Structures are given as C-alpha cells and as structure tokens.
2 protein chains.
Amino acid sequence: VVLRRTYENQNCSIARSLETIGERWTLLILRDAFLGTRRFDDFQKSLGVARNVLTVRLKSLVDAGLLERRRYQERPDRYEYRLTEKGIDLYPTLVALMAWGDRYLNEDDAAPLELEHRDCGSPVHLALVCDAGHELSGAREVRPVPRPAAAAG
Amino acid sequence: VVLRRTYENQNCSIARSLETIGERWTLLILRDAFLGTRRFDDFQKSLGVARNVLTVRLKSLVDAGLLERRRYQERPDRYEYRLTEKGIDLYPTLVALMAWGDRYLNEDDAAPLELEHRDCGSPVHLALVCDAGHELSGAREVRPVPRPAAAAG
C-alpha cells in the first residue's frame, strides 16, 4: 500500500510495469503460457495452486490484457488462455530473469532449460545493443537520460 | 505460501529468481541503485516508504547478495549501499521491464527515460540474439529445450 501510493507520483515505466505484473505468480503463469500451456487444468497442475486462486489470477491477467480467454469447444463450453501481443512482449523480461537465475541460483550449476533459435539451433541470449550496432557489456556502459517531455511534465 | 511450496518442486530459474527478487519493492530499490542512489535517506525519499520498512528491505537485499553495505564515514559511522555484481546482473531484467512499460503503460506516449550508450550516445535496447549472430524478433523464434542434466534430475 505504501509503495502503491508512491507509484502514482513516479513517472517510471519500471514502477508501472511492476504494478501490472509485479506479483510473482503472474510471471509464473506467463512462463507456463510461453512453454505452451493453455488450459486451466494444465496451469493448475504446473503451479500447484488452488483452483479458486488460479481463477482469480487468470482473470486478472485477462483484465490486464496479457492473456486472452478463448472458447475452443462448445457443449460444454471450454476455454483456453492465449498470450496476447502485450503478454508476448514480456518475453525478454522472463528471459532476463531466467538467465540471472541460471547464473546465480542453480545449486547444481546446470540450467534447467536452454533457449535455441528455431531457425538455426544456436543458443539464444539477451544482449544490450545500441542503434549504432555495438553490443554493450552491461549497465556501466549505459547512461540514463531523462526525456525532455518527461522532464517538463 | 501456496506458490512458495511449489517452487521447491520446480527446477526453474524463473521461479528461483522470483523467490529472490519477486517483490516489487526489491526491483524499485535496485532501479534507484542503478540510477546512482546509495544512501538510506535518498532511497527513502525516492520510494516514499517508512524508514523501518526500508531498513528491513535493504537488509534483505544485502542478505541476498544484491547490495553491499559499505561504511563511507566514521564518527558517526555512515553507510551506503552499493550494487554487487549479482545485483548489477539484474540490469537486463530492469531494462526489459522498462521497455515493456514504455510501450504499454505510458499514458502520454513519452517514455520518461532514455538509455544511451555512453561511448557513442546511441539509444540502447535489449535484443534477443543467437550465438550465430542472428537478431530474433521475439518469443516465436525461440525453442525452449530441456537440458539433459535437468531432464535426468
């Protein structure tokens, strides 16, 4: 509550993003969706969360525009949950979290999952690149600059 | 609690990462650290959080190895908080969240902050690239592959 109040005073895209997807269950549901899960029962099995809780969480993801609820069968009606474009665009966030966890939080030093480029089979990673084509090694090579419009606002 | 229990059954770097940094205040403190904030009072002003709450949160970030508490003055002793390498390596996660928020959550369509390459001044963005040098357009071009060791475990 304390933080939520301050978000309103902050012109910050990270704060706004966390307001939408800051609960960790959100990102775990999206993770499963990226791995191909679409149906309620499969989310439920993967997450091990109570059905009523999962219902609320899926609804909030639909309300936030990250998942779309789509009927795939009639009589009885059955629905599945598909990533929207807005949801799909959270992929780099999940890849970044995965890479960090791979590096720092794996006891046995073996990352559970590898990401491959579908076309060529090579391992995929996130890179910081600039429009001039340089690949940056990290945060120290980046300078954050307030945008004029934002500074005036 | 329900989710935490399932984490233990999941060999997943995203789940593990969220256990460490899944609370949104964690990422907002790190955001401020990346923007140069080091001192308790400056974090407190930026986040608008109660001092006792901030003390607990900073301590948990130090305990998790994301921030280092360093004395910068004696008599009276004063401390500042500096990002560790483990903390710095969360930068891509924050950049990914920022880019997503810039795209979907800015009412006035102007991103508050731009990231520039220090060396050349060009805008910086996150890219999915493969080891063969291709830049991928997004999640659909990525195939997740369980690693043999993880599959056997």
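**Figure 1. Chain A is built from eight helices and six strands.** This is a predicted model. From the N terminus on, the elements of chain A run α-α-α-α-α-β-β-α-α-β-β-β-β-α. Five helices therefore open the order, and one helix closes it. Chain A has 153 residues, and 47% of them count as buried. Take the contacts in chain A between residues at least 6 apart in sequence: 33% of these join residues at least 24 apart.

**Figure 2. Chain A and chain B are related as by a two-fold rotation axis.** A turn of 180 degrees, with a shift of 0.0 Å along the axis, lays chain A on chain B. The RMSD of this fit is 0.0 Å. The two copies are thus related as by a two-fold rotation axis.

**Figure 3. The two copies meet through the same surface.** How many residues of chain A are in contact with chain B? In chain A there are 89, and they touch 89 residues of chain B. About 8,500 Å² is buried between the two chains. Carbon and sulfur atoms account for 60% of that area. Three residues, Arg24(A), Trp100(A) and Arg118(A), supply 10% of the area that chain A buries against chain B. No other three residues supply more. Of the interface residues of chain A, 100% are also interface residues in chain B, so the copies meet through the same surface.

**Figure 4. An open sheet is formed by strands of both chains.** Its four strands come in the order S5(A)-S4(A)-S4(B)-S5(B), and the pairing is antiparallel. Which strands are at the edges? They are S5 of chain A and S5 of chain B (135-136), each of which pairs on one side only. Strands of a sheet pair through backbone hydrogen bonds. S4(A) and S4(B), each covering residues 124-130, are joined by seven bridges. S4(A) is mostly covered, with six of its seven residues buried.

**Figure 5. Leu128(A) has a bridge partner in S4(B) and another in S5(A).** In S4(B), the partner is Leu126(B). In S5(A), the partner is Leu136(A). S4(A) and S5(A) run antiparallel and are joined by two bridges. Four residues lie between the strands of this hairpin. There, Gly133(A) takes a positive phi near 95 degrees. Now look at chain B. S4(B) and S5(B) also pair in the antiparallel sense, over two bridges. Leu128(B) stands opposite Leu136(B) in S5(B).

**Figure 6. Leu67(A) is among the residues with the most contacts inside the largest nonpolar core.** This core has 81 residues. Ile29(A) and Ile29(B) are the others named for the most contacts inside the core. Which residues does Leu67(A) touch, leaving out those up to four places away in sequence? Among them are Ile29(A), Leu30(A), Ala33(A), Leu58(A), Leu61(A) and Val62(A). Leu67(A) also touches Tyr81(A), Arg82(A), Leu83(A) and Thr84(A).

**Figure 7. Cys12 is buried in chain A and in chain B.** Buried or exposed: which is Cys12(A)? Cys12(A) has a relative accessible area of 13%. Buried means under 20%, so Cys12(A) counts as buried. Cys12(B) has 12% relative accessibility, so Cys12(B) counts as buried too. Over all chains, the structure holds zero disulfides.

Conventions:
Residues are numbered from 1 along each chain as its sequence is written. Chains are lettered from A and ligands numbered from 1 in the order in which they are written. This is a predicted model: local features need pLDDT of at least 70, side-chain atom pairs count only at pLDDT 80 or more; totals for chains, interfaces and linings use all residues. Side-chain values use heavy atoms; hydrogens and water are left out. A disulfide is a pair of cysteine sulfur atoms within 2.5 Å. Buried means under 20% relative accessible area, exposed over 50%, partly exposed in between (1.4 Å probe, protein chains only). Two strands pair if DSSP finds at least two bridges between them. A nonpolar core is a set of buried Ala, Val, Leu, Ile, Met, Phe, Trp, Tyr and Cys residues joined through side-chain atoms within 4.5 Å. Contact means heavy atoms within 4.5 Å. Copies are superposed by least squares on the C-alpha atoms of residues with pLDDT of at least 70 in both. Buried area is the accessible area (1.4 Å probe) that two parts lose on being put together, summed over both.
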